[in-house]
Amino acid sequence: MSPAAFAPMFERVALIGLGLIGSSLSHAMRRRGLAGHIVGHARSQATCDKALEIGLIEQAYGSAREAAVGADLIILCVPVGACDAIAAEIGPVLTPGAILTDVGSVKTAVALAVQPHVPAGVHFIPGHPIAGTEHSGPESGFAELFDGRWTILTPPSGTDAGAVAKLRAFWEACGSAVEIMTAEHHDMVLAITSHVPHLIAYNIVGTADDLQSVTQAEVIKFSAGGFRDFTRIAASDPVMWRDVFLNNKDAVLEMLARFNEDLSRLQRAIRWGDGPALEEFFTRTRAIRRGILQAGQDTAGGEFYRARAGKDGGEPGKSGQ
């Protein structure tokens with residue numbers, strides 16, 4: 001679809017953070033002509049310079065506050081632990097009528113941190129595009145990242161319906177399907193679908209690294225598909241995931257407790273040679289995978305953007321921020 005397919009939805013978009021999600025948003029906006037101007041800020045001057053060099057933004061600013069001035073859409077594309085300080089910095093310069101949103105994998109903690117800094121007349125609508133790869137930086141983004149993926153919006157009670165509708169239309173124009181739910185429900189769902197799987201991946205790779213009876217070279221040399229996929233997930237941004245677990249700890253701990261109970265049942269089945277119990281469990285869980293395929297959330301051949309491997313020189317994989 002050509003850029004002329006959509007009239008600009010926002011005159012000035014400020015991207016605070018220019019990593020995978022921020023850079024992909026820039027590509028997606030330019031693909032559809034959704035923004036009149038795109039400006040940005042990143043902590044690193046090198047990141048800002050690269051973003052300018054490859055045309056992600058028209059102007060880079062040395063502070064989030066400067067970038068937010070005059071913007072009618074401000075998107076916080078930073079680790080969730082950074083949202084509080086950034087909201088405090090930009091709050092005084094936000095324009096009435098502007099929409100402030102984020103892309104973090106935790107919503108309750110972000111809402112509690114950001115909302116006190118949002119002035120009257122500014123529409124704060126937390127968001128979370130469920131899409132990603134293990135790659136980071138301004139060169140990692142691509143316009144198709146959000147195509148066919150879900151974006152969840154968690155507007156606080158009383159949020160202007162028109163602003164919610166506009167942000168929803170924006171994400172749909174970027175390629176996403178959009179779901180609206182409460183922040184608390186989002187955090188519980190993502191704890192089991194994303195956060196705990198990442199924690200398990202980090203733990204399994206760490207356990208393999210700690211084994212003294214298997215050398216690191218053997219772990220790498222004999223990596224089968226399962227372990228290889230765990231290492232892909234465990235390659236995700238450490239700072240981002242540190243903040244996710246610290247800011248969604250209640251839901252994560254609840255899901256870990258349930259996981260440990262199920263793991264104990266599997267331990268007992270293996271210990272006592274209970275083949276029927278193992279087969280029943282594996283059959284039931286196999287159906288979940290089939291449901292994911294049928295829902296279009298993956299393909300039988302692997303992650304939806306592995307087709308980009310030839311372009312990127314590697315095998316991208318989903319981190320699901």
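**Exercises on a predicted model**

The protein has 13 helices and 9 strands. The model is a predicted one.

**Exercise 1.** Work out which strands form the open sheet, and which strands lie at its edges.

*Solution.* Start with the order. The open sheet holds 6 strands, arranged β3-β2-β1-β4-β5-β6. Next, check the direction: the pairing is parallel. Now go to the two ends. They are β3 (59-61) and β6 (123-124), and each pairs on one side only.

**Exercise 2.** Find how many bridges join β4 to β5, and name the partner of I74 in β5.

*Solution.* Locate the strands first. β4 covers residues 73-76, and β5 covers residues 99-102. They run parallel, with 4 bridges between them. Then take I74. Its bridge partner in β5 is L100.

**Exercise 3.** Determine which strands helices α1 and α6 lie across, and give an angle for each helix.

*Solution.* Take α1, residues 20-32. This helix lies across β1 (10-16), β2 (35-41) and β4. Its angle to β1 is about 160°. Turn to α6, residues 161-173. That helix lies across β1, β4, β5 and β6. Its angle to β5 is about 50°.

**Exercise 4.** Describe the whole protein by its burial, its contacts and its surface.

*Solution.* Begin with burial, counting a residue as buried under 20% relative accessible area. Of the 321 residues, 45% are buried. Move on to contacts with a separation of 6 or more: 76% of them involve residues 24 or more positions apart. Finish with the surface. The accessible area is about 15,600 Å². Carbon and sulfur atoms account for 57% of that area.

Notes:
Residues are numbered from 1 along each chain as its sequence is written. This is a predicted model: local features need pLDDT of at least 70, side-chain atom pairs count only at pLDDT 80 or more; totals for chains, interfaces and linings use all residues. Side-chain values use heavy atoms; hydrogens and water are left out. Two strands pair if DSSP finds at least two bridges between them. Helices (H or I, at least four residues) and strands (E, at least two) are DSSP runs, numbered from the N terminus. Contact means heavy atoms within 4.5 Å. Axes are lines fitted to C-alpha atoms, for helices over the stretch in contact, and angles run from 0 to 180 degrees between N-to-C directions. Buried means under 20% relative accessible area, exposed over 50%, partly exposed in between (1.4 Å probe, protein chains only). Accessible areas come from the Shrake-Rupley method with a 1.4 Å probe; for residues, only the protein chains shown count as cover.
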